[in-house]
Amino acid sequence: MRRAGQCLLWLVGLAAVGAPWLAPNSPDRSFPDRLYAPPGGYAYAQRMVSRLNRRFEDDLNQPVSLHWFTDGRLVTVPESGGGPLLLLGADAFGRDTFSRLLYGARASLALALVATAIALLLGALIGGAAGFAGGLVDEVLSRLTDFVLVLPAIYVALALRAVMPLVLPPATVFALLTLIFALVGWPIVARGMRTIVASEREREYIAAGIALGATRWRLLSRHLLPAAAGYLAVQATLLLPAFILAEATLSYVGLGFPDSVPTWGTMLQDAANMSLVADAPWMLAPAAAIFVVVLGVNLVVQGEPDVHTSLF
Amino acid sequence: MLNFVARRIAFAVLLVVVVSSASLLLARLAPGDVTAQLGPFASASEIAGTRARFDLDRTPLGQLGVWLSRAVRFEFGDSFLYNRPVRGLVVRAAANTAVLAVVALVAATVIGIPLGVISGSRQGLLAGVIRGVSLVFLSIPPLLTSLLLVFLAAVTRWFPAGGMTSVNASSLDWPAWLFDVAAHLPLPALALALPIAATFERLQSQSMSETLRQPFALAAVARGLSPRDVVLRHAWRASVRPICGIYGLAIGALLSGSFVVEFVTAWPGLGRLMYEALRARDIYLVAGCAAMGGLFLAAGSVIGDLLLAAADPRLRDAGVAKAGQART
Amino acid sequence: MGVSLALLGAIFFVIRGRPGAPPAASAARRGGQIVASIRAEPRSFNRLVARDLTTETLTMLTQGRLVRINRATFELEPWLAESWESSADGRVHTLHLRPGVTWSDGTPFTAADVLFTLQAAYDPKVESVLAETLLAGGLRIRAAAPDPQTVVLTFAAPSGPGLRLLDGLPILPKHKLGAALAAGTFGMAWTSATPPAEMVGTGPFVVREYQPGQRVILERNQRYWREGVDGEPLPYLDRIVLEIVPEQNAELLRLQSGETDLSNSELRPEDYVPVRRAEEQGTLRLIELGVGPDADAFWFCLKPEVKGKDPRFAFVSRPEFRQAISHAVDREMFAETVFLGAAVPVWGPITPGNDLWFSPDVPRYFHDDARARALLAGLGLEDRNGNGVVEDANGTEARFTVITQQGIGWYERGTQVLREELARIGIALDIAPLEFGAMIQRMLACDYDAIYFRPVATDLDPAGNMDFWLSSGSAHLWNMSQRVPGTEWERRIDTLMLEQSASIDAGRRRQQFMLVQQIVAENLPVLYFAAPRMYFAHSARLQGVVPSVQRPPVLWNADSLSVSE
């Protein structure tokens, strides 16, 4: 199972890295005659029948030939040859959903992975310290956690946005979003971490360790943190999709990536029009992609054949 | 124990004050203010009047001082959007959200924990399916989950596609009214509960499988207890701890309302009120909602700790008295 | 008032004039209720101090005015005033009130109520949002009541719109609100927190209950004065429920499910397909309202006090620069792409949807990239360093940040298409979608390069939009509230518009407004590309619908609506 998870993640990673080669079209190229077009263009050229009715049909008189390994792309269909090739249809701007999905993996995954890592680290340290130290330290850290949890993060984002220039380069957006996500995410981790460490601390082996003169740091890093490893792994699978999706929320207050950088979160926002999605289920492709990533991560962190299976 | 409770109450009050003050200040510092709601071309005197009415002509700290001095008398200012005192609005919205939160929490618990126990204690197709479904719900944004449910409701007409009561609710007697509200509950409650149930399931599953690897579980099986008994009687109790920490969080989060779910399903709750307030820069309504949210979160945190004490004999016996100083 | 801005689909709008329903078909059924969805809470029940769409809709349902502009035919119709005579110079109007009209509590409606309402609208303490709309030639209307059934209105100057000005003014009850006005608290009277029983009206419905966050329930006004063509007292409906559904996708789903009968706002182009399908299944009716009276606009901030030191101002302030942009945009393609084809190309602020004032003779800029490049070259703008963006002799690039409202599909598509079109002639646009409040703040402070947005004209008659046309106006988008006209052509527009609005000769008004449109077309302070067609849907059981391109599209005619069953 773990191997299957690894395979999935490698696959997604390769798709992200190889996006320029794998994508049949440029991700921000719009085809004005393909607004909301269904998948097509691989056998026959697509033709728009009615734009408002979103009706398209295959032009049986114009079969297309796939161009393999041309233009630095794996496969594509030039517009002159009956293109574009739309493997997953087109979005509201007539852009190729499949290509955007591949490119979207880059920003979405990088952002979510980095932010999750930082949130886990911060949460583990702060929660661990609170649970291990107890007393006043615990009190202060726990209340700090509570405070950050209820703070209306959207205002923090708005205030931040106000002091930034109007047009932000993607790198700045990336750094900002990572920061915000990490700040919002750590208290959630810290909560459970504190609980685990606090109750683990009461166990005999820790008391023994203290009696034997083990340092606090050693106990924390060698015994208490590993005890919480399973918990942290699950938190990773919970935070990862949450962060991928949260990017879309922050783009609402103007803290998103510019539209030339596709992300899965913002792509999914287009799917909010349910009546539309019923006709165009491929708009849910980003959700499927997120699912694959989360499944992969989940299989890797939890997929090991469990010891207890021998019990039953 | 008393000491513990008293301290937590004191902290709750502090938290509420700090959070609502911070929200008020942040609302002042964010670009734009409530006068944008008057329209872009409102007259200067109209704008000035509105600014004065909401103390926006004071410095941010001055405004905070005025607000706090009124808040100690339980006067939280007026809402611009609703033209009435914030207090009544927030209390009513909080009550609506509380109803929803309780139902959603129960649903999430009843769905999530048992499924987590199952998927954590066995392997095979069933466990795989449960895990898969959980991951699906974690991969869909709450906005889509809610809209999907509204869509289902609209297509199937199994339950109303939004709102808290029917249009003729005010003419109903109270049992009929209760029934009416109950008919409107499943949609938003499910929208809230499904992602939380998925979270519970994942946490419980991981914790359960870890617990079963511990020596005492093996020992129990060795003693000849049936696997079923080991899981249900012994392991579950030990494995439920990490959930308790998150449980408090879930209670707090549910009670302070989910704006997405309440917005999409038109449930008149705290989350939607807060969202509307944020969007309109309705400053006192923002502060009032934040105060209520803070209160609920503090309450959730206390409940989580109490659950924890109940679930973990070591913490309970080592004394909540000790816990009082050791870990709040 | 002039120009307002549409916010997230719902919140601001203002009246333009038109109603007058061909009253419902003879077999209209009495009784029943309809549920209409609205996006936002009412700001107030007092139209004199609030201008949001929900307040405006509620006012149409609960209050009457002296005369009404039929929103389907654009004709002026007698309403609370049964008839009137106007003097030859158009300055004195004698209105005869309809006899036997009473308020919903039974108190007779008289001329005193009319005088009271005008007094309240002009009272500086009330700060009424309607005060500006009730000026004739910039001056207040004087009113007198020789007897309880007659009102004499005297305009200080002749007014082009004439009595049409009164369409927007709901007549309020003196016996209920007189004390508040005297006490200086009128602005706080009839807020959304006022118990509905305290409010009375002469409209077809009365507010029965307001449940914040949920709905407003209106019931038939038993004392409503109007009769249908069948001689039956109106309204046909017993109740109208305005259900608050804040989310647009959910609003459509509830309409499709039959839980609501209509929505108070128009459909998005994306919604056309599902609604068409529902129509084929017989559950909904899809109505095409035709081209809307407003178009998306694109403009630069041209305020010299703010932008004067910006090196780009040297060329942005030149009309040739903006003409080049106008030439560069393929408007047919723009309408197709941005509005899925449900739009027509436009070249100025007046769209074909405003049939009274639209003129096809206004100069147009045909799509011609070569001509656009030549215009830029004439300004010394050429791509000197080969990076695809034109620079002037000092090396200042023609690169601009265009702000727009976040989260609205056609704004996002519009800015994107614009960016691609302008990139071809070497003008670079960066797009910054902002949240509404932040965008308005920047707009008012002139803290932006360019904006893409749809301002909503409040009146189809240009004389009702003086704040847009006059250089001193607060809605003179590109350079608001100037003390003296900053340019020669703005001075000419000021003169023409003041003359035009004070004239009662329709032909002359049209001619002068044509000149204004020509000046605007030459100087292009605001660029327009496409005006969308508007679509609207309601349940199949709703009868007597007379749709209007102005909001509210159906409820303006609420007294003649009925339901089949």
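**Figure 1. Packing around helix H15 of chain C in the predicted model.** Among the elements that cover the buried residues of H15(C) are helix H8 (319-328), helix H13 (466-469) and helix H14 (488-501) of chain C. H15(C) itself takes in residues 506-523, 18 residues in total. From its first C-alpha to its last, H15(C) reaches 26 Å, close to the 26 Å expected at 1.5 Å a residue. Its buried residues are Arg509(C), Gln512(C), Phe513(C), Val516(C), Gln517(C), Val520(C) and Asn523(C). These residues lie on the same side of H15(C) because they cover an arc of only 150 degrees around the axis. Gly507(C) and Glu522(C), on the other side of H15(C), are exposed. Leu524(C) follows the helix and has a positive phi, near 45 degrees.

**Figure 2. Strand S22 of chain C and two strands that pair with it.** S22(C) covers residues 530-539, and 10 of its 10 residues are buried, so the strand is largely enclosed by the rest of the structure. Strand S14 (residues 284-291) of chain C pairs with S22(C) in the antiparallel sense over seven bridges. In S22(C), Met534(C) stands opposite Gly290(C). Strand S16 (residues 343-345) of chain C is joined to S22(C) by three bridges, and these two strands also run antiparallel. Here Pro532(C) of S22(C) stands opposite Ala343(C).

**Figure 3. The contact between chain C and chain B.** Chain C supplies 40 residues to the contact and chain B supplies 33 residues. On the side of chain C that touches chain B, the elements giving two or more residues are strand S1 (3-5), strand S12 (239-244), helix H4 (248-256) and helix H12 (436-444) of chain C. H12(C) provides the largest share of that side, six residues. Sorted by class, the side of chain C that touches chain B holds 17 nonpolar, 13 polar and 10 charged residues.

**Figure 4. Chain B, the partner in that contact.** The secondary structure of chain B consists of 16 helices and zero strands. Its C-alpha trace spans about 85 × 55 × 40 Å along the principal axes. Chain B has 328 residues, of which 59% count as buried. Among the contacts in chain B with a separation of 6 or more, 73% are between residues 24 or more positions apart.

**Figure 5. Surroundings of Thr117(C) in helix H2 of chain C.** H2(C) comprises residues 111-122. Thr117(C) has 26 other C-beta atoms within 10 Å and is therefore buried. Neighbours within four places in sequence aside, Thr117(C) is in contact with Leu169(C), Ile171(C) and Leu172(C). Asp167(C) is 50 residues from Thr117(C) in sequence, and the two C-alpha atoms are 13 Å apart in space.

**Figure 6. Backbone geometry at Pro235(C), Glu127(C) and Tyr36(A).** Most residues other than glycine have a negative phi, and most peptide bonds are trans. The peptide bond between Leu234(C) and Pro235(C) is cis, with omega about -5 degrees. Pro235(C) sits in the loop between strand S11 (215-220) and S12 of chain C. Glu127(C) is not a glycine, yet its phi is positive, about 50 degrees. The loop that holds Glu127(C) runs between H2 and strand S7 (135-136) of chain C. With 19 other C-beta atoms within 10 Å, Glu127(C) is partly exposed. Tyr36(A), also a residue other than glycine, has a positive phi near 60 degrees. Tyr36(A) belongs to the loop between helix H2 (19-22) and strand S1 (44-50) of chain A. Tyr36(A) counts as buried because it has 22 C-beta neighbours inside 10 Å.

**Figure 7. Confidence along chain A.** The average pLDDT of chain A is 81, and 92% of the residues score at least 70. Among the elements of chain A, helix H3 (residues 97-133) has the highest mean pLDDT, 90, and helix H5 (residues 153-163) the lowest, 69. In residues 305-312 of chain A the pLDDT is below 50. Beyond near neighbours in sequence, this stretch has 13 contacts in the model. Where pLDDT is low, the predicted coordinates should not be read in detail.

Methods. Residues numbered from 1 in each chain as written. Chains lettered and ligands numbered in written order. Predicted model: local features only at pLDDT ≥ 70, side-chain atom pairs only at ≥ 80, totals over all residues. Contact = placed C-beta atoms within 7 Å. Helix = DSSP H or I, 4+ residues; strand = E, 2+ residues; numbered from the N terminus. Nonpolar A, V, L, I, M, F, W, Y, C, P; charged D, E, K, R; others polar. Expected span 1.5 Å × (residues − 1). Buried ≥ 20, exposed ≤ 12 C-beta atoms within 10 Å, placed from the backbone. Arc of directions from axis to C-beta. pLDDT = per-residue confidence, 0-100. Pairing = 2+ DSSP bridges.
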